[in-house]
Amino acid sequence: MIYIGIDVVKDKHDCFISDSDGNALFKAFTITINRDGFDELYRKILTVSDDLYNIKVGLEATGHYSYNLLGFLFSKGFPTYVINPLHTNLYRKSLSL
């Protein structure tokens, strides 16, 4: 399984791609919030797997800042999940004392 995490920010999107064992397949990278940036992300994803059932994309629920990227990922057929940042923060806190 390939996991893609995207931190959605107003001016850019930070991306990380890893395998099921947590090994980074690319060093974390930043894409622009336009078609060129989205195409760059798409090309990198295809270099690690072209099997859509082997890919899971998760990105922050940040309102309108993620809409264009979300639409792009859906149009390419990627299983994409919008994650509430509060939930991930609470989960992270639950893993430590």
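Reader: Which elements do the buried residues of H2 pack against?

Author: The buried residues of H2 pack against E1, E2, H1, E4 and strand E5 (80-83). This is a predicted model, with residues numbered from 1 along each chain as its sequence is written, and side-chain values use heavy atoms, leaving out hydrogens and water. Local features need pLDDT of at least 70 and side-chain atom pairs count only at pLDDT 80 or more, while totals for chains, interfaces and linings use all residues.

Reader: What makes something a helix or a strand here?

Author: Both are DSSP runs, numbered from the N terminus: H or I with at least four residues for a helix, E with at least two for a strand. The protein chain has three helices and five strands, and from the N terminus on they run β-β-β-α-β-α-β-α.

Reader: Back to H2, then. Which of its residues are buried, and what puts them on one face?

Author: Buried means under 20% relative accessible area, exposed over 50%, and partly exposed in between (1.4 Å probe, protein chains only). In H2 the buried ones are Leu69, Leu70, Phe72 and Leu73. Seen down the H2 axis they fall within an arc of 160°, so they line one face of the helix; the arc is that of the directions from the helix axis to the C-beta atoms. The face turned away from that buried side carries the exposed residues Tyr67, Asn68 and Ser75. After H2 comes glycine 77, with a positive phi near 90°.

Reader: What makes a group of residues a nonpolar core?

Author: They have to be buried Ala, Val, Leu, Ile, Met, Phe, Trp, Tyr or Cys residues joined through side-chain atoms within 4.5 Å. The largest such core here has 19 residues, and Ile4, Ile6, Leu41 and Leu73 have the most contacts inside it. Two or more residues each come from strand E1 (2-8), strand E2 (13-19), strand E3 (29-31), helix H1 (35-48), strand E4 (55-60) and helix H2 (67-75). In soluble globular proteins, nonpolar side chains tend to be buried together.

Reader: Which residues does isoleucine 4 touch?

Author: A contact means heavy atoms within 4.5 Å. Leaving aside residues up to four places away in sequence, isoleucine 4 touches Phe16, Ile17, Leu41, Ile45, Ile55, Lys56, Val57 and Gly58.

Reader: Why does histidine 13 count as buried?

Author: Histidine 13, in strand E2, has 1% relative accessibility, so it meets the cut-off and counts as buried. Beyond residues up to four places away in sequence, its contacts include Phe29, Phe38, Tyr65 and Leu69.

Reader: And why is phenylalanine 29 called buried?

Author: Same logic: phenylalanine 29 has 8% relative accessibility, so it counts as buried. This residue is found in strand E3, and the residues it touches include His13, Cys15, Leu41 and Lys44.

Reader: What makes two rings an aromatic pair, and how many pairs are there?

Author: Rings of Phe, Tyr and Trp (its six-membered ring) pair if their centres lie within 6.5 Å; planes under 30 degrees apart count as stacked, over 60 as edge-to-face and the rest as tilted. By this rule there are four aromatic pairs. In one, phenylalanine 38 and phenylalanine 72 have ring centres 5.5 Å apart and planes at 40°, so the pair is tilted. This pair links distant parts of the chain, with phenylalanine 38 in helix H1 and phenylalanine 72 in helix H2, 34 residues apart.

Reader: Which kind of pair do tyrosine 42 and phenylalanine 72 form?

Author: An edge-to-face one, at 6.3 Å centre to centre with 90° between the planes. Tyrosine 42 is in helix H1 and phenylalanine 72 in helix H2, 30 residues apart. Phe38, Tyr42, Phe72 and Phe78 form one aromatic cluster.

Reader: Are tyrosine 42 and phenylalanine 72 buried or partly exposed?

Author: Tyrosine 42 has 23% relative accessibility, so it counts as partly exposed, whereas phenylalanine 72 has a relative accessible area of 7% and is buried. Aspartate 39, found in helix H1, is partly exposed at 21%.

Reader: How do you know what to make of the radius of gyration of the whole chain?

Author: It is taken over C-alpha atoms, and the globule rule is 2.2 Å times the number of residues to the power 0.38. With 97 residues, a compact globule would come out near 13 Å; the protein chain has 13 Å, so the two agree. Of those 97 residues, 28% count as buried.
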